[in-house]
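Subject: Handing over a structure

Hello,

I am passing a structure on to you, and I hope you enjoy looking through it. Please open it first, then read my notes below.

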Amino acid sequence: MLSIEEREYQEDMIKTYGSIPDCDCENCNGCSDNQIEECYSIASSDCNSEFAELINYGGYDSEKEFWDNL
């Protein structure tokens with residue numbers, strides 16, 4: 001079970017970076033912890049991709065290469 005703080009953090013990430021494409025829950029109201037965690041996983045991945053792109057993949061040729069070499 002997610003703590004209140006964990007859930008709020010994950011919901012903020014979801015609102016900022018998006019969630020599963022077919023999600024029809026507005027503002028995560030009524031979503032279970034499992035649904036929140038599934039959407040959070042996607043949002044977190046999108047956030048990481050944005051970070052890697054912002055730093056031009058740390059000089060590597062691709063995002064995959066960047067993460068592989070951390």
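How much area does the chain expose, and what share of it do carbon and sulfur atoms supply? The exposed area comes to about 5,100 Å², and 46% of that is supplied by carbon and sulfur atoms. Please keep in mind that this is a predicted model.

Let me start with the overall layout. The chain has three helices and zero strands, which gives the pattern α-α-α when read along the sequence. Its radius of gyration is 14 Å, well over the 11 Å that the globule rule gives for 70 residues, so the chain is more spread out than a compact globule. The C-alpha trace spans about 40 × 25 × 15 Å along its principal axes. Of the 70 residues, 21% count as buried. Taking contacts between residues at least 6 apart in sequence, 46% join residues at least 24 apart.

Next, the interior. Nine residues make up the largest nonpolar core: Leu2, Met13, Ile14, Ile20, Cys28, Cys31, Ile36, Cys39 and Ala43. Both α1 and α2 supply at least two residues of this core, and α2 gives the most, with three. Leu2 is a good place to zoom in: leaving aside residues up to four places away in sequence, Leu2 touches Arg7, Gln10, Asp33, Ile36 and Glu37.

Two of those neighbours of Leu2, Arg7 and Asp33, come up again among the charged pairs. Side chains of opposite charge can pair when their charged atoms come close. A search of the whole structure finds three salt bridges, and here they are:

- Glu11 pairs with Arg7, with the closest N and O atoms 2.9 Å apart. Both residues lie in helix α1 (residues 4–17), four residues apart, about one turn of the helix. Glu11 counts as buried because its relative accessibility is 14%, under the 20% cut-off.
- Arg7 also forms a salt bridge with Asp33, the closest N and O atoms being 3.0 Å apart. This pair links distant parts of the chain, 26 residues apart: Arg7 sits in helix α1 and Asp33 in helix α2 (residues 33–54).
- Asp68 and Lys64 meet at 2.8 Å, N to O. They are separated by about one helical turn because they are four residues apart in helix α3 (residues 63–68). Asp68 and Lys64 are both exposed.

Arg7, Glu11 and Asp33 are thus linked in a network of salt bridges, and I would be glad if you looked at that spot first.

Best wishes

Technical notes. Residues are numbered from 1 along each chain as its sequence is written. This is a predicted model: local features need pLDDT of at least 70, side-chain atom pairs count only at pLDDT 80 or more; totals for chains, interfaces and linings use all residues. Side-chain values use heavy atoms; hydrogens and water are left out. A salt bridge is a side-chain nitrogen of Lys or Arg within 4 Å of a carboxyl oxygen of Asp or Glu. Buried means under 20% relative accessible area, exposed over 50%, partly exposed in between (1.4 Å probe, protein chains only). A nonpolar core is a set of buried Ala, Val, Leu, Ile, Met, Phe, Trp, Tyr and Cys residues joined through side-chain atoms within 4.5 Å. Contact means heavy atoms within 4.5 Å. The radius of gyration is taken over C-alpha atoms; the globule rule is 2.2 Å times the number of residues to the power 0.38. Accessible areas come from the Shrake-Rupley method with a 1.4 Å probe; for residues, only the protein chains shown count as cover.
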